[in-house]
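Here is a structure to look at with some care. The questions that follow ask how certain labels are earned, and each answer sets a value against the rule behind the label.

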Amino acid sequence: MSTILGIESTAHTFGVGIVKNGKVLANIKHTYTTEFGGIIPIEAAKHHQQYKTQLYNEALEVAKMNGKEKSIDAIAFSQGPGLAPCLLEGMRFAKELSLRLKKPLVPVNHCIAHLEIGEITGTKDPVMLYTSGANTQIIAYASGKYRIFGETLDIGVGNFIDNFARYAGIGFPGGPKIQELASKSKNYVELPYVVKGMDISLSGILTNLEQKLKSGKYKLEDLSYSLQETVFAMLVETAERALAHTGKKELLLGGGVACNKRLQEMCKIMCNERKPKIKMFVPENSLLVDNAGMIAYLGERMFNSGIKIKPEEINKVDIMPRQRTDEVEVKWRQKKKE
């Protein structure tokens with residue numbers, strides 16, 4: 001049994017989580033938001049610096065580990081991908097704790113953490129539809145790595161939604177607000193539908209939406225509804241194609257955009273209509289959004305397989321803002337027959 005403390009700081013959220021023997025004991029976070037505009041990386045990093053100690057203490061309290069810091073076996077942190085100023089704050093705090101507690105570091109890939117935490121739902125070998133701010137990927141395990149079978153060719157679906165919300169003047173993050181507006185309409189406005197094989201493109205759709213909103217001829221509710229219906233259909237199509245290509249029988253949703261009830265509904269319809277049916281898995285919202293529980297969860301698996309960096313060697317560790325999912329050697333997972 002091991003106890004791992006995880007730190008999440010890839011973008012707008014700073015979180016501290018504690019996992020012991022695969023069980024999430026604490027998953028505390030605070031999110032940088034704005035009334036107008038989008039995320040400003042330097043300001044988000046200042047937010048992380050402001051809240052890190054408070055969140056750390058809250059996590060210890062929730063996990064009933066006050067005064068028991070020495071029982072932590074390792075410090076896991078989001079190494080990448082993400083916004084460099086935000087990642088730096090998380091890494092610095094992780095190194096600070098590593099030196100103070102004399103515990104090793106475990107650098108974690110944020111995207112893979114979203115997938116691995118899905119095991120809590122009971123999934124074994126899924127195709128994951130990963131939809132978050134900067135990331136939109138269809139991921140599955142094959143030949144020792146998590147492979148990307150499809151992705152966005154330009155911007156992530158979360159950033160796409162946030163950009164439109166910012167243009168519409170409804171603040172950041174935009175996903176929940178767009179979902180609320182979409183629920184008030186059933187009036188579909190035709191938008192471009194851009195699927196290219198296993199990949200999607202969103203920048204042209206964003207421009208089209210902005211032009212339509214600027215014209216004054218369309219209600220924001222109708223455009224929000226049409227945005228979801230169009231883009232989510234694109235995601236479902238490419239996810240279904242990946243399921244057919246890999247032959248896998250499970251679909252796992254991950255990332256903050258997966259909290260959207262309409263996206264879940266559309267994925268469920270697709271899974272039920274396939275023959276034979278595909279099993280669909282969705283973690284609870286607190287594990288879909290950026291969170292430190294998933295970082296600690298994957299950190300524990302990596303630590304137990306021998307992946308760790310001693311405190312005296314942590315100066316060699318750096319952030320990896322552009323690290324791709326398929327660059328990581330999945331040494332902690334037993335190789336399966338392909």
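Q: Where is proline 81 found, and what makes the peptide bond from glycine 80 to proline 81 cis?
A: In this predicted model, proline 81 lies in the loop between strand 4 and helix 2, which covers residues 84-101. The peptide bond that leads from glycine 80 into proline 81 has an omega near -5°, and this bond is cis. Most peptide bonds are trans.

Q: Which other proline follows a cis peptide bond, and where is its place?
A: The bond from lysine 275 to proline 276 is cis, again with omega near -5°. Proline 276 sits in the loop between helix 8 (261-273) and strand 12 (279-281).

Q: What is notable about the phi of asparagine 21 and of serine 143?
A: Most residues other than glycine have a negative phi. Asparagine 21, however, has a phi near 55°, which is positive in a residue that is not glycine, and it is found in the loop between strand 2 and strand 3 (23-31). Serine 143 likewise has a positive phi of about 55° without being a glycine, and its loop is the one between strand 7 (136-142) and strand 8 (145-151).

Q: Why is serine 143 called partly exposed?
A: The label partly exposed belongs to values between the buried cut-off, under 20%, and the exposed cut-off, over 50%. Serine 143 has a relative accessibility of 45%, and therefore it counts as partly exposed.

Q: How many disulfides does the structure hold, and how far is cysteine 86 from the nearest cysteine sulfur?
A: The structure holds zero disulfides. Cysteine 86 is in no disulfide, and the nearest cysteine sulfur, which belongs to cysteine 111, is 15 Å away, whereas a disulfide needs two cysteine sulfur atoms within 2.5 Å.

Q: Why is there no bond between cysteine 267 and cysteine 271?
A: The closest cysteine sulfur to that of cysteine 267 is in cysteine 271, at 6.5 Å, and because a disulfide requires sulfur atoms within 2.5 Å, this pair is too far apart for a bond.

Q: Why are cysteine 86 and cysteine 267 given the label they have for accessibility?
A: Buried means under 20% relative accessible area. Cysteine 86 has a value of 0%, and therefore it is buried; cysteine 267 is at 0% as well, so it too counts as buried.

Q: How do you know that strand 1 is mostly covered?
A: Six of the six residues in strand 1 (residues 3-8) are buried. Both faces are covered, with Thr3, Leu5 and Ile7 buried on one side and Ile4, Gly6 and Glu8 buried on the other.

Q: What makes strand 1 and strand 2 a pair, and what makes strand 1 and strand 4 a pair?
A: Two strands pair if there are at least two bridges between them. Strand 1 and strand 2 (residues 13-20) have six bridges and pair in the antiparallel sense; isoleucine 7, for example, has valine 16 of strand 2 as its bridge partner. Strand 1 and strand 4 (residues 74-80) have four bridges and pair in the parallel sense, with leucine 5 opposite isoleucine 75.

Q: Why are strand 3 and strand 5 called edge strands, and in what order do the strands of their sheet stand?
A: Five strands form an open sheet of mixed pairing, in the order 3-2-1-4-5. Strand 3 and strand 5 (105-109) are its edge strands, as each pairs on one side only.

Terms used: Residues are numbered from 1 along each chain as its sequence is written. This is a predicted model: local features need pLDDT of at least 70, side-chain atom pairs count only at pLDDT 80 or more; totals for chains, interfaces and linings use all residues. Side-chain values use heavy atoms; hydrogens and water are left out. Buried means under 20% relative accessible area, exposed over 50%, partly exposed in between (1.4 Å probe, protein chains only). Helices (H or I, at least four residues) and strands (E, at least two) are DSSP runs, numbered from the N terminus.
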